[in-house]
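Trainee: Could you take me through one part of this model closely, and then place it among its surroundings?

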Amino acid sequence: MAMASTTMTGLVTGSQQRNEVHVLHGNEARSPTRQSVTKICRVCGDEIGFKEDGELFVACYECGFPVCRPCYDYERSEGNKCCPQCNTRYKRHKGCPRVAGDAEDDGDADDFVNEFQIKGHPDSPVRNHVVPHSETGDYNPQQWQQPNGPAFNSVAGSIAGKDFEGDKDLENNDEWKERVEKWKAKQEKRGLVSKEDGGGNDQGEEEDDYLMAEARQPLWRKVPISSSKISPYRIVIVLRLVILAFFFRFRILTPATDAYPLWLISVICEIWFALSWILDQFPKWYPINRETYLDRLSLRFEREGEPNRLAPVDFFVSTVDPLKEPPIITANTVLSILAVDYPVEKVSCYVSDDGASMLLFDTLSETAEFARRWVPFCKKYNIEPRAPEFYFSQKMDYLKDKVQPTFVKERRAMKREYEEFKVRINALVAKAQKKPEEGWVMQDGTPWPGNNTRDHPGMIQVYLGSEGALDVEGKELPRLVYVSREKRPGYQHHKKAGAMNAMVRVSAVLTNAPFMLNLDCDHYINNSKAVREAMCFLMDPQLGKKLCYVQFPQRFDGIDRHDRYANRNIVFFDINMRGLDGIQGPVYVGTGCVFNRPALYGYDPPVSEKRPKMTCDCWPSWCCCCCGGSRKSKKSKSKKGEKGLFGGFYGKKKKMMKKSYTKKGSSVFDLEEIEEGLEGYEELEKSSLMSQKNFEKRFGQSPVFIASTLMEEGGLPQGTNKTTLVKEAIHVISCGYEEKTEWGKEIGWIYGSVTEDILTGFKMHCRGWKSVYCMPNRPAFKGSAPINLSDRLHQVLRWALGSVEIFLSRHCPLWYGYGGKLKWLERLAYTNTIVYPFTSIPLLAYCTIPAVCLLTGKFIIPTLTNLASVWFMALFLSIIATGVLELRWSGVSIHDWWRNEQFWVIGGVSAHLFAVFQGLLKVLAGVDTNFTVTSKAAEDSEFGELYLFKWTTLLIPPTTLIILNMVGVVAGVSDAINNGYGSWGPLFGKLFFAFWVILHLYPFLKGLMGRQNRTPTIVVLWSVLLASIFSLVWVRIDPFLPKQTGPILKQCGVEC
């Protein structure tokens, strides 16, 4: 049945199992993209080009390492003058300027030209060629060692060299001229350009030279933490380890004989805490910062007069229930994506509706219409953020830096249009509250295909991005696609992970961008240049091909100023993640992440050739052999390695695809159909692929999708049209598509845990991929977080449950992937992410011990000697010093650190504890338990939800601990009063531990108390404690009772 729609393209629905696809409007074929395999410079990513005689330029005659002419000249003039692969000094080529150390017979003596070929050759390929995103072959990021000087790292990007001076802002004319003058002075100082020559040159040529030099600079650089901050931090960590060893020696060798069970439990808990601290601490050994250069990215890939060469990006937004996830928030996320500061033809937004809701379908239709006015307004006035709800509600001077006279008028008109847009969305929400008995009906009278959310066909709707989809100024808009995968009873759909994999396949068929950015529906783009920040890493010619993803930190709106329940999670995002960035990369946290598509397809990263060891002529040949081989063997090895480098990424893909997959039954697509999907490939590639026509055993039975997985730079195969692509997209989201494939096992988002993000990133790191943590000054993305206590605990419960599921699965980092390329410190970090819920058991026991000690009069520590007191004091001081130094290098405030410590205890004795038992029941016994949440109404005020009381079972353990410790304090003080001054000494140790528990649970106690305008919790707490203590004291020393001077008479217990 065909379905009409008010949108441009028409809704396409279908079910592969029922062999039906309904398409209302066909689409014209999209212009194909063609792959090209060229000789690429391994330093800057440019084409190498040819010499004057037409032969290919070869920089190094020893190993033939591919370097273009500008990089060769630059390396000779400002670098170490050596080949980056074999470290042989470059010889002077004809037409190249002389540098110090050149031999007299290197080239013609009178053949001296300027430093940059662009001056003398206006038609040089350096100016006119197109910079590709990537090159064929592996990269060798290594140190370029100068023979007689210091080494400098080339890990930061496309070329290693000294940075040119100046700021990133190139808009100021005077500043630009100053930068060019500085550059000229630097060249004259080096003797590369004479003043006489410089005076006669045209100003435009000088600026071209500067632009060329600036574009060849690194796109990013690694900024290590200052040694004055990180060295004391590491020293204290080592000292703390030593102190811990002596502390445990004392604790184990001196048991408390009068309280042996309590002593044994406490020692076991302390050993577990020490192991947990090691797992958390050592992955933070190498924290780093990274800095990006967006101006260089534009100079390199957005050259004036040439096609834009920035890589396309597919954005993924996932949602399930629009009644629980407000449609207006999802609409703001989509609008911020459509208005992102990136070429519109390279942006595609896919919205996954896993609930098949007509409410979201209509919301996107309204959003697409409003985007025609919102997107040009954002780009005209360069506003931030580009989500209208948050732009219009921000409390700041919106006229700052705005100089256009029309801005105020247009802003008022846009705000009014947005308010009207909100009213229309509110009307859709109100209409969706009550579903009609006959089901939802579309505007043209056609029944909505998703009326049964558990049994419906796949649906795809393209709103924007096709012909005629222009904004009010007549400019093109990014593509917006609605996707709802097919669902049928009896199939396992795998929740969010399954929806993300469906979007991966749909996007591969329709656009196939090489990079993908996924966002939750409540996370909008707060920094319109966030994608460019990620491209500085992913499009880097050395690092980019080894990156599986670029992770951004999560930042949140709508959290109370005190952040009572540590919703911002600052310690994790600003300390732990930066530490992991210095090892193999941060973990994937589920949103705000830009993926490299081949990494999600299960491919291995390209392998770098190891740099041969240096040898010298001052030792005999037999000594060189002993030390690592002769020069001859090294040369042959580097030439052999050259072949491996040029084998490149395609070679790795061939090796991956040549795995034997046994085929059962007949294939749906025959050989000719697969060949049609692979048009445009080289004959060598075709012959390699045609011999393996059962690729569908790995990727599924879609020749178009299989073809897309082999296109390194993305794009669509030739010979396809839009109608065919949409039908194929319906096919790849069918509910049975993933059966007998490796989706969810080795490809895409990995199944098997509710925290699929940790599992997916872990699998990539095990294959040897690296990830990068990008922290721009303006937060890239912002989202919303549950600020209510019960909701926050349930969120933590879900995360902890996922960790327990991974711990009990085959993917546990304790025993998985040892044959891979996962670094040991990275493995410790992943182990910590799946072990931390089990800390709840010793934590609960340790928080109970102070109350038991106060109630029984026993203590876990015997009488301390002077030496033992020293170890106790040293341990506490080392703990404090570690925290202070960690705050010093990270910049995290002590308030955020303390909130994190408090919620570690609150979540540990509640959500983590329940997650352990729920995970054990779910995995071992197959029993799935849920905890109900009942709520009372909250007032409509700012942070009203913060004070909303929702009772849940998770609140029982921490409430019990608070009561126990408060009763223990009262009992301990009363006992000390009754027993005299001698008992006050041992009491202080017990009170210290009891107050440690109460202080950590204080935010939880405030959550139980409710509103702020009531009596403050601390007043209630201290009132109860002080009243109880003074009552006991009063009874003990009642001044109104007469003091007896004679013997104390007691009643006889025997009846006389």
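**Strand E6 and its surroundings**

Mentor: Along strand E6, Val-347, Cys-349, Val-351 and Asp-353 point one way, while Ser-348, Tyr-350 and Ser-352 point the other way, and all of these residues are buried. The model is a predicted one, and in it E6 spans residues 347-353 and is mostly covered, with seven of its seven residues buried.

The partners of the strand come next. Strand E5, residues 313-319, pairs with E6 in the parallel sense over seven bridges, and within this pairing Phe-316 stands opposite Tyr-350 of E6. E6 also pairs in the parallel sense with strand E8, residues 479-484, here over five bridges, and the bridge partner of Val-351 in E8 is Tyr-482. Tyr-350 and Val-351, which appear in these two pairings, point opposite ways from E6.

The connection between E5 and E6 involves a helix: E5, helix H10 (residues 327-338) and E6 make a right-handed β-α-β unit. Within helix H10 lies Thr-330, which counts as buried because its relative accessibility is 2%, below the cut-off of 20%. Setting aside residues up to four places away in sequence, Thr-330 touches Glu-325, Leu-360 and Cys-521.

Another residue to examine is Phe-377, which is found in helix H11, residues 358-381. Phe-377 has a relative accessible area of 3% and is therefore buried. Once its neighbours within four places in sequence are left aside, Phe-377 is in contact with Ile-383, Tyr-391, Phe-407, Glu-410, Arg-411 and Met-414. From Phe-377 to Ala-339 the C-alpha to C-alpha distance is 9.1 Å, with the two residues 38 apart in sequence.

A pair of helices can be described in the same careful way. Helix H9, residues 294-301, packs with helix H15, residues 530-538, at an angle of about 70°, and their axes are 10 Å apart. H9 is therefore roughly perpendicular to H15, since angles of 65 to 115 degrees count as such. On the H9 side the contact is made by Leu-294, Leu-297 and Ser-298, and on the H15 side by Arg-532, Glu-533, Met-535 and Cys-536. Sorted by class, the contact of H9 with H15 has four nonpolar, one polar and two charged residues.

Terms used
Residues numbered from 1 in each chain as written. Predicted model: local features only at pLDDT ≥ 70, side-chain atom pairs only at ≥ 80, totals over all residues. Heavy atoms only, no water. Helix = DSSP H or I, 4+ residues; strand = E, 2+ residues; numbered from the N terminus. Buried < 20%, exposed > 50% of the residue type's maximum accessible area, 1.4 Å probe, protein only. Contact = heavy atoms within 4.5 Å. Axes fitted to C-alpha atoms, helices over the stretch in contact; angles between N-to-C directions. Parallel < 35°, antiparallel > 145°, perpendicular 65-115°, else oblique. Nonpolar A, V, L, I, M, F, W, Y, C, P; charged D, E, K, R; others polar. Pairing = 2+ DSSP bridges. Right-handed = clockwise from strand over helix to strand, strands pointing away.
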